[in-house]
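Open the structure in your viewer and keep the sequence panel visible. The tour below goes from the whole chain to single places, one selection at a time.

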Amino acid sequence: MDQHTSAGSQGRGGRPPLSEKVYTALKSRITRGDYGPNEKLPAEKDLSAQYGVSRPVLRVALEQLREEGLIVSRQGAGNFVRVKREAALGYTPVETIADIQRCYEFRLTIEVDAAGLAAQRRNQGILDEMEQALDLLSDATGSRLHREDADFTFHLAIARASNNQYYAETLKALRDHIYVGMKMHGDALMSDGASALENVLEEHRGIYQAIADRDPDRARAVMRQHVSHSRERLFGAGVMDLSMQ
């Protein structure tokens, strides 16, 4: 098995990949204060030995922590826990079904435009990140599962590919809200059978291909179609009237 597969693929029997287990363990230690703000993490070789994984696997976990703003790398010095700051952008928690519908409505504005910009501005590195997320989604689909983490990672990579930090930061701030909708959508897909999961995987592949082909109009169209389909699968004819009373 090559490094890419061992670092990122889902384990046998639906078990999380090793990198995800390391990420979860490190995140837990950071959030409960075992590693304090501005404290240096142990060296990569020590962390690899501690968790019994290769350094490529460890680096996938560290990259996820960096992506979430929990750690920062300092050239030649190592990885440090970020000093906690008040978030510049935040949203109240999801409380109602109407909130989930509002989140989809908002995603149809920001993610559609982000996809168009991504098709114009992406580079090979960010395309590789999208492919890795697609690999995880494909593995999960083959196991008749839906992975909200890989799904969100794919969408976040597209926002990052826009090379406009406001799209990516907004998506990060919406992470918990988007996860709620993705979890409900994933449950609905699994109850509908294998073909439903496969159709959604093809939608993701279509978005990737439009961005890889540098076709902004198609990228916007397939992203709009994908998010709209997700909302329709979840709400069906039960879309609520959100008019002010």
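Select Arg144 to begin: the residue sits in the loop between helix H6 (124-142) and helix H7 (148-161). This is a predicted model. Arg144 is not a glycine, yet its phi is positive, at about 60 degrees. How exposed is Arg144? With a relative accessible area of 42%, Arg144 is partly exposed, because values from 20% to 50% fall in that class.

Next, select Arg214, in the loop between helix H10 (194-212) and helix H11 (216-235). Arg214 also is a residue other than glycine with a positive phi, here near 55 degrees. Its relative accessibility is 46%, and Arg214 therefore counts as partly exposed.

Now zoom out to the whole protein chain. Colour by secondary structure and you should find 11 helices and 2 strands. In sequence order the pattern reads α-α-α-α-β-β-α-α-α-α-α-α-α. The protein chain has 245 residues, of which 41% count as buried. Switch on the surface: about 13100 Å² is exposed, and carbon and sulfur atoms supply 49% of that area. Among contacts between residues at least 6 apart in sequence, 73% join residues at least 24 apart.

The next two stops are helix pairs. Two packed helices are described by the angle between their axes and by the distance between those axes.

Select helix H2 (residues 18-31) together with helix H4 (residues 55-67). Their axes are 8 Å apart and the packing angle is about 50 degrees. H2 and H4 are therefore oblique to each other, because an angle from 35 to 65 degrees is neither roughly parallel nor roughly perpendicular. H2 passes H4 in a right-handed crossing. Which residues of H2 meet H4? On the H2 side they are Leu18, Ser19, Val22, Tyr23, Leu26, Lys27 and Ile30. Their partners in H4 are Val57, Leu58, Val60, Ala61, Leu62, Gln64 and Leu65. Show these side chains: the contact of H2 with H4 is made up of 11 nonpolar residues, 2 polar and 1 charged.

For the last stop, select helix H5 (residues 97-121) and H11. The two axes come within 7 Å and cross at roughly 165 degrees. H5 is therefore roughly antiparallel to H11, since the angle is over 145 degrees. The crossing of H5 past H11 is right-handed. Coloured by residue type, the contact of H5 with H11 divides into 13 nonpolar, 5 polar and 7 charged residues.

How values were computed:
Residues are numbered from 1 along each chain as its sequence is written. This is a predicted model: local features need pLDDT of at least 70, side-chain atom pairs count only at pLDDT 80 or more; totals for chains, interfaces and linings use all residues. Side-chain values use heavy atoms; hydrogens and water are left out. Helices (H or I, at least four residues) and strands (E, at least two) are DSSP runs, numbered from the N terminus. Buried means under 20% relative accessible area, exposed over 50%, partly exposed in between (1.4 Å probe, protein chains only). Axes are lines fitted to C-alpha atoms, for helices over the stretch in contact, and angles run from 0 to 180 degrees between N-to-C directions. Angles under 35 degrees count as roughly parallel, over 145 as roughly antiparallel, 65 to 115 as roughly perpendicular and the rest as oblique. A crossing is left-handed if the near helix is turned anticlockwise from the far one by less than a right angle, and right-handed if clockwise. Ala, Val, Leu, Ile, Met, Phe, Trp, Tyr, Cys and Pro count as nonpolar, Asp, Glu, Lys and Arg as charged, and the others, Gly among them, as polar. Contact means heavy atoms within 4.5 Å. Accessible areas come from the Shrake-Rupley method with a 1.4 Å probe; for residues, only the protein chains shown count as cover.
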